[in-house]
Amino acid sequence: MIFSAVLSRPRKDAERILGRAYVRVRIWRNAGASLNTAPEYSAEFFTRTQSFRRGMTASEADDFINRNAGTVFRNALVRTEDKELTYLSNRHGEVKILERKIKGACSVQNSNNLSGHNRTKNYILKEGEPVSFLVRLGVMTQDGKVTAKRYDKFRQINRFLEYVADILPSVQKMQDFTEENPLRVLDFGSGKSYLTFALYHYLRYEKKIPVHITGLDLKEDVIADCSKLAKDCGYDGLDFEMGNIADYDGTERPHIVVTLHACDTATDFALDYAVRMGALAILCVPCCQHQVNAWLSSKDSSAGVPEEFKPLLRYGIIRDRFSALVTDAVRAELLESRGYDVQVLEFIDMAHTPKNIMLRAVRKTGGAVKETKPSALTAALGVTVELQSLFAGEA
């Protein structure tokens, strides 16, 4: 079987063939497949601004790669357990497949048969290699085996680290990090801090980057537990503070701001702080968003909504989701106006949580800041997203 595949450089008519303008596709075999806890394969489809994930069977993965590698996508890299296949296509449509054995042999290969091999997903934090904080949190056993009940959490942690790994080179290009000037990360609403600990471990021990991470949360007992765990693990550059996102006034500039599942307008305050402090990158997964929904629910406001939007406001669950999408779309638009390159991504599978949209923003070099203007979308609805007011200095 296939271990993993990356397809890129789509030809001009790829959108017609695939139904969407994908620029890259990643496919990998799920580690949980052998435990019957996940589809055999996962596939992630990237456009220039979004990504979409879905499960695949082994035959679907084989079929997709065989139909599109070297044809619809002019470049492809396919890995099996013992070989690496590189598909190269020229402008005349001629496809060349280079085969490199994992042990070093390299030859030209003419067959598309990729079956007969099997390997699990190559996670950033690998199964079988115990990580102290994961052991203490019950995600791993002492010998590094992932416990069945926490497998979804293990996958979520690795998923988050993949998103960090994608932008890390861009952050490092903008600034050098040393022991005297470490990479500073601020995690708003860190909670139980699974991802905070994972991020520290990844940056410090996997990437060997000097790092200091501060987690902020409102619950005193959670802060105490996390602080003890950091001390027990020997994570000297990881600390936790109790505080409210809305009035946080730390003066030391964070290079990366993380805000995952901060409730309602707390996300807006976190984004505003990140922009004001000149953060190089922002990773944001919003949670419940009541502001726009409350306004659209009121009789006074709904009277001024254009007729075309009113079917979206009639049913509570649809209005709630529509309000969340409006809020996140405007947040992305506002971050772009502040000189950030923004992607809207699927954080984890919808089967695990509906709160799965991630806004990932990286500051552009020399990105110009534009005047904060009312969004055409919120203007049409007669609503305001809190971040608009914060950027305009009206909050």
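Let me start with Asp 152 and Arg 155, whose side chains meet in a salt bridge at 3.2 Å, N to O, the term being taken as a side-chain nitrogen of Lys or Arg within 4 Å of a carboxyl oxygen of Asp or Glu. Both residues lie in helix 4 (residues 151–174), 3 residues apart, about one turn of the helix, where helices are DSSP runs of H or I with at least four residues and strands are runs of E with at least two, numbered from the N terminus. Asp 152 counts as partly exposed because its relative accessible area is 37%, whereas Arg 155, at 18%, is buried; buried means under 20%, exposed over 50%, and partly exposed in between, with a 1.4 Å probe and protein chains only.

I should say that this is a predicted model, in which local features need pLDDT of at least 70 and side-chain atom pairs count only at pLDDT 80 or more, while totals for chains, interfaces and linings use all residues. Residues are numbered from 1 along each chain as its sequence is written, and side-chain values use heavy atoms, with hydrogens and water left out.

Helix 4 also brings us to Asp 166, which forms a salt bridge with Arg 360, the closest N and O atoms being 3.5 Å apart. This pair links distant parts of the chain, since Asp 166 is in helix 4 and Arg 360 in strand 15 (residues 357–363), 194 residues apart. Asp 166 is partly exposed at 43%, but Arg 360 is buried at 5%. Salt bridges that share partners also join Arg 26, Glu 44, Arg 159 and Glu 162 into one network, and the count of salt bridges comes to 19.
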